[in-house]
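Q: Could you take me on a close look at one part of this structure, the strand in the middle of the β-α-β units, and then show how that part sits in the whole? I would like the cut-offs spelled out as you go.

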Amino acid sequence: MSATLALTMGDFNGIGPEIILKSAHILPSGSVVFGSIEVFEHYSRILGLPMRSDIRWENSVSVDPTEIQPGVLSPVAGEASMACIRAAVKHCLDGGCAAMVTAPISKEAISKAGYDVPGHTEYLQRLTASPHVGMILASGGLRVGLVTIHVSLSSIFTHITKDNVLHHIVMLYNSLRRDFGINAPRIAVLGLNPHAGDGGVLGKEEITVISPAIKESHVFGIQAFGPFPADGFFGNKMYEAYDGVLAMYHDQGLIPFKTIAFHDGVNITSGLPIIRTSPDHGTAFAIAGKGVANSASLQSAIQASLTILSNRQ
């Protein structure tokens, strides 16, 4: 398979079309952008950004030009973004492209369009019938995986089981080896409670759940360590001594990650039959259509997908 990529437009009222146009120059020739010709011609015209001729601009969805309203939350834009994802996934599964890179969607817009999934990761899992998926945020040597992704804080405790923590340690380990080319990765596992429970005084999950999962991972030859208190771990830059970090929930891992690497971070979905990366930011409705969106994270996502493809081959 050639190293061509499939890109999805994202929410057309967000910055997705703009950052794709700004990043098109680094795409392998023959790559396919799944979106709307009307949308890309609109942003190309108002922002003065050309549509590269050796890229295939696939008209996956027809959009009435009056619906293009930068910064406006719209169920029409939500539906269009999901249609592009479906088209790109099918194209990749059929062997048309080696990997897919997704521009940001609005979770509220897709909900208003009638979808019951909280984001890309879960929708890709459904479309590919993948039993388990994981989210990894990466920038340089910092790689942060999550045990729970888009679930409410009140439900996190039901997901923090020994089997689930162990499963995500193994998934992160496999991704570090397969996607990042690290033969013997060292993984730091964070605690759930403040100060990692302080010996059970502030919570017992570290003793009853997380530590047993770490210990069991050693049976598989995995170098996993912890559980570490999350605040001190990032505050003291302990992550520099590890190849990957496993956080228990979304904000525990993503707040420090985005503080450190907001503009060049990449979101990678593990557990899929296809390679998928994305920028680590959202639709940025507040600056959509103004020509000021930073495309660095999307360009990092494009480069990451090509690196992962090379490592897997």
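A: Here is a walk through strand β2 and its neighbours, followed by the whole protein and two single residues.

Happily, the ground rules are short: this is a predicted model, in which local features need pLDDT of at least 70, side-chain atom pairs count only at pLDDT 80 or more, and totals for chains, interfaces and linings use all residues. Residues are numbered from 1 along each chain as its sequence is written, and side-chain values use heavy atoms, with hydrogens and water left out.

Let's begin with β2 itself, residues 32-35. Helices (H or I, at least four residues) and strands (E, at least two) are DSSP runs, numbered from the N terminus. Both faces of β2 are covered: Val 32 and Phe 34 are buried on one side, and Val 33 and Gly 35 are buried on the other. Buried means under 20% relative accessible area, exposed over 50%, and partly exposed in between, with a 1.4 Å probe and protein chains only.

Next come the partners of the strand. β2 runs parallel to β1 (residues 5-8), joined by three bridges; two strands pair if DSSP finds at least two bridges between them. Ala 6 has Val 32 as its bridge partner in β2. From β1 the chain crosses through helix α1 (residues 16-23) to β2, in a right-handed β-α-β crossover. Right-handed here means that, with the strands pointing away from the viewer, the path from the first strand over the helix to the second runs clockwise. β2 also runs parallel to β3 (residues 56-59), with four bridges between them, and Gly 35 has Asn 59 as its bridge partner in β3. Together with helix α2 (residues 37-47), β2 and β3 make a right-handed β-α-β unit.

The helix α1 deserves a stop of its own. Seven of its eight residues are buried, so α1 is largely enclosed by the rest of the structure. Those buried residues are Gly 16, Pro 17, Glu 18, Ile 19, Ile 20, Leu 21 and Ser 23. They pack against β1, β2, α2, β3 and α11 (296-312), where contact means heavy atoms within 4.5 Å.

Stepping back, the protein has eleven helices and eleven strands. Its radius of gyration, taken over C-alpha atoms, is 20 Å, which agrees with the value near 20 Å for a compact globule of 313 residues; the globule rule is 2.2 Å times the number of residues to the power 0.38. The C-alpha atoms fill a box of roughly 60 × 40 × 35 Å along the principal axes. Buried residues make up 54% of the 313 residues. Of the contacts with a separation of 6 or more, 73% come from residues 24 or more positions apart.

For a side-chain view, turn to Gln 252 in helix α10 (residues 250-261). Gln 252 counts as buried, at 8% relative accessibility. Its side chain reaches the backbone oxygen of Gly 191 at 2.7 Å, and one of its polar atoms lies 2.6 Å from the backbone nitrogen of Met 248. Leaving aside residues up to four places away in sequence, Gln 252 touches Leu 190, Gly 191, Leu 192, Ala 230, Phe 234 and Ala 247.

Finally, Ala 241 sits in the loop between α9 (230-235) and β9 (244-247). Ala 241 counts as partly exposed, at 48% relative accessibility.

Notes
Polar contact = N/O pair within 3.5 Å; in protein donor to acceptor, adjacent residues only side chain to side chain.
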